[in-house]
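Please walk me through this protein model. I would like to see how its strands and helices fit together.

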Amino acid sequence: MTATWEELVWSAVTVGKPGVAELFTHGWYSLSDAIVRSHTVYANLRQTPSRFEKSALYDSLDPTEKGATSYFVGMMVAKLIAARLLDTPWLFHLSRFKKDGGKLTLNGNSQPDLIGLNNRRDWIVIEAKGRTNGFSSDAHTKAKDQTRKLRRINGQFPTLRVGIQAYFSPSLEIMIDDPEEFDEDAVDVIAEQIDLMSGYYSFAHSVTKGSNDVRLIHGRQFAFHHIEDIGLTIGLDRRIHQSFDQGNILGIVGEQWKADLPTVLKDGALVTFPDGLAIQLDDRWTKIRMCRQPGMRNG
């Protein structure tokens, strides 16, 4: 798998279960969540000339910790693949459908992880798997089976079901499959789209609202906040701020956001993404430093 550190951090901070930012509106909680997710990327991966591998810190984790980290990597990779290949920048963890008023009766590990929404307001279903070592055919079969456990989302059939496995061999690799149809006992789920989108943007809105660091990028104004602890600067399109504050966040869906993702990025580049976020990393994330093990990256 080839990607930039900016892409990995963006994927990491915008995917997964609802963060504490949705539970507490104070910006400190949002910052803490972003720091933890970014640091997980920083500490557990290192760069080879063109790929990513596990860091020595990852290898030193106990089995339970490795399981949690591989799950995190699988979710992060699923987010990146959805945006890059499937034109689906918004992913929501299925648990949000319970919280946001949906009806969900799936139990245990039978359910898929993620439901995505694209600019055409089509839904996709994704099950993400992460493995610390090589490819697991059993895990991949299970991922495909889990995507078949949902039938309709808000009355619509998903346009695509995708099983994604991220694994190390020894570089980070990806296997993607798109099973068809659904099981006879598949269930329907519902959720309020406005709640899903508000939850998605809650952390970025919280940390950048009221910022004096406003920059014009490709004709769009972005508000930024720098998180010194991890060398991360997060930006959000101010049109999203306005939509969020006016309760019209659904207007974002359908907008043709310009994604400025050149094939090769220089270190320190500011990158905008199709969901209206922007990411910039400081020199702690340069390719030269990230090729080293985490404990050797200072200086």
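**From one strand to the sheet**

Start at Leu172, which lies in strand 8, residues 172-177. This is a predicted model. Leu172 has 0% relative accessibility, so it counts as buried. Which residues surround Leu172, leaving aside its neighbours within four places in sequence? Leu172 is in contact with Met1, Arg51, Phe52, Val73, Val77, Ala166 and Tyr167. Take Arg51 from that list. Arg51 and Leu172 are 121 residues apart in sequence, yet their C-alpha atoms are 7.0 Å apart in space.

Thr147 is another buried position, with a relative accessible area of 0%. Thr147 belongs to helix 6, residues 137-147. Residues up to four places away in sequence are again not counted here. Beyond them, Thr147 touches Pro112, Val125, Ile126, Glu127, Arg161, Val162, Gly163 and Pro179.

Now go to strand 3, residues 90-93. In a regular strand the side chains alternate between the two faces of the sheet. In strand 3, Trp90 and Phe92 point one way, and Leu91 and His93 point the other way. Are these four residues buried or exposed? All are buried. Strand 3 runs antiparallel to strand 4, residues 114-117, and four bridges join the two. At one of the paired positions, Trp90 stands opposite Leu117 in strand 4.

Next comes an open sheet of five strands. Their order is 10-11-12-14-13, and the pairing is antiparallel. Strand 10 (214-217) and strand 13 (270-272) are the edge strands, since each pairs on one side only. On average, neighbouring strands of this sheet are turned by 30° against each other, direction ignored.

Look closer at strand 11 (residues 220-227) and strand 12 (residues 232-237). They run antiparallel and are joined by six bridges. In this pair, His226 has Thr233 of strand 12 as its bridge partner. Helix 7, residues 193-208, packs on the sheet. Helix 7 touches strand 11, strand 12 and strand 14, and its direction makes about 105° with that of strand 12.

Helix 8 covers residues 238-245. Its buried residues are Ile240, His241 and Ser243. Why are they on the same side of helix 8? They cover an arc of only 170° around the axis, and that puts them on one side. What do these buried residues pack against? Their partners are helix 7, strand 11 and strand 12.

Helix 1, residues 5-14, also meets the sheet. Helix 1 lies across strand 12, strand 13 and strand 14 (277-281), and runs at about 125° to strand 14.

Helix 1 packs with helix 4 (residues 63-86) as well. The angle is about 110°, and the axes are 8 Å apart. That makes helix 1 roughly perpendicular to helix 4, because angles of 65 to 115 degrees count as such. From helix 1, the contact takes in Glu7, Leu8, Trp10, Ser11, Ala12 and Thr14. From helix 4, it takes in Phe72, Met76, Lys79, Leu80, Ala83 and Arg84. How many residues of this contact are nonpolar, polar and charged? Seven are nonpolar, two are polar and three are charged.

How values were computed. Residues are numbered from 1 along each chain as its sequence is written. This is a predicted model: local features need pLDDT of at least 70, side-chain atom pairs count only at pLDDT 80 or more; totals for chains, interfaces and linings use all residues. Side-chain values use heavy atoms; hydrogens and water are left out. Two strands pair if DSSP finds at least two bridges between them. Axes are lines fitted to C-alpha atoms, for helices over the stretch in contact, and angles run from 0 to 180 degrees between N-to-C directions. Contact means heavy atoms within 4.5 Å. Angles under 35 degrees count as roughly parallel, over 145 as roughly antiparallel, 65 to 115 as roughly perpendicular and the rest as oblique. Ala, Val, Leu, Ile, Met, Phe, Trp, Tyr, Cys and Pro count as nonpolar, Asp, Glu, Lys and Arg as charged, and the others, Gly among them, as polar. Buried means under 20% relative accessible area, exposed over 50%, partly exposed in between (1.4 Å probe, protein chains only). The arc is that of the directions from the helix axis to the C-beta atoms.
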